Amino acid sequence: MPANPKYLTKSKWQRFLKITAAILGGYFVSVTFHLALASWLNRANVLITMAYSGFILWVVLMVIAFLAKSGWKIWGIYLLLTLLFCGIIYFGQTANPIIK
């Protein structure tokens, strides 16, 4: 059964933004989230767990990107989350440095 055309995105630019947000933005958020956890918790356990939970989180973020009305808004949210997690990674690395 084909999709109802009234629910499909008309603009090719919005479609491109949603696809790139789903693939790239979802991946960036998923990886930075797990790296932020690894900077504060046991690194080995978090990075091994990331093999499974990272993929699940990435798929969930892909679905959310396609449910959004605007590709710009979802890109903004994903970029803000990525920057937030990068800040957490930075402070986690300065508070818990790896001693060699």
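Author: Accessible areas here come from the Shrake-Rupley method with a 1.4 Å probe. Keep in mind that this is a predicted model. With that probe, the protein exposes about 7200 Å².

Reader: Okay, and how much of that do carbon and sulfur atoms supply?

Author: They account for 77% of the exposed area. As for burial, buried residues make up 29% of the 100 residues in the protein.

Reader: Let's back up to the fold. Which elements does the protein have, and how many of each?

Author: You'll find 3 helices and 0 strands, so from the N terminus on the order reads α-α-α. The radius of gyration is 17 Å, well over the 13 Å that the globule rule gives for 100 residues, so the protein is more spread out than a compact globule.

Reader: What does the C-alpha trace span along its principal axes?

Author: About 60 × 25 × 15 Å.

Reader: Now the packing. How do I read a pair of helices?

Author: Two packed helices are described by the angle between their axes and by the distance between those axes. In this model, helix 1 (residues 12-40) packs with helix 2 (residues 43-67) at an angle of about 150°, and their axes lie 8 Å apart. That makes helix 1 roughly antiparallel to helix 2, because angles over 145 degrees count that way.

Reader: Is their crossing left-handed or right-handed?

Author: Right-handed, for helix 1 and helix 2.

Reader: One last thing: among contacts between residues at least 6 apart in sequence, what share joins residues at least 24 apart?

Author: For this protein, that share is 77%.

Technical notes:
Residues are numbered from 1 along each chain as its sequence is written. This is a predicted model: local features need pLDDT of at least 70, side-chain atom pairs count only at pLDDT 80 or more; totals for chains, interfaces and linings use all residues. Side-chain values use heavy atoms; hydrogens and water are left out. Helices (H or I, at least four residues) and strands (E, at least two) are DSSP runs, numbered from the N terminus. The radius of gyration is taken over C-alpha atoms; the globule rule is 2.2 Å times the number of residues to the power 0.38. Buried means under 20% relative accessible area, exposed over 50%, partly exposed in between (1.4 Å probe, protein chains only). Contact means heavy atoms within 4.5 Å. Axes are lines fitted to C-alpha atoms, for helices over the stretch in contact, and angles run from 0 to 180 degrees between N-to-C directions. Angles under 35 degrees count as roughly parallel, over 145 as roughly antiparallel, 65 to 115 as roughly perpendicular and the rest as oblique. A crossing is left-handed if the near helix is turned anticlockwise from the far one by less than a right angle, and right-handed if clockwise.
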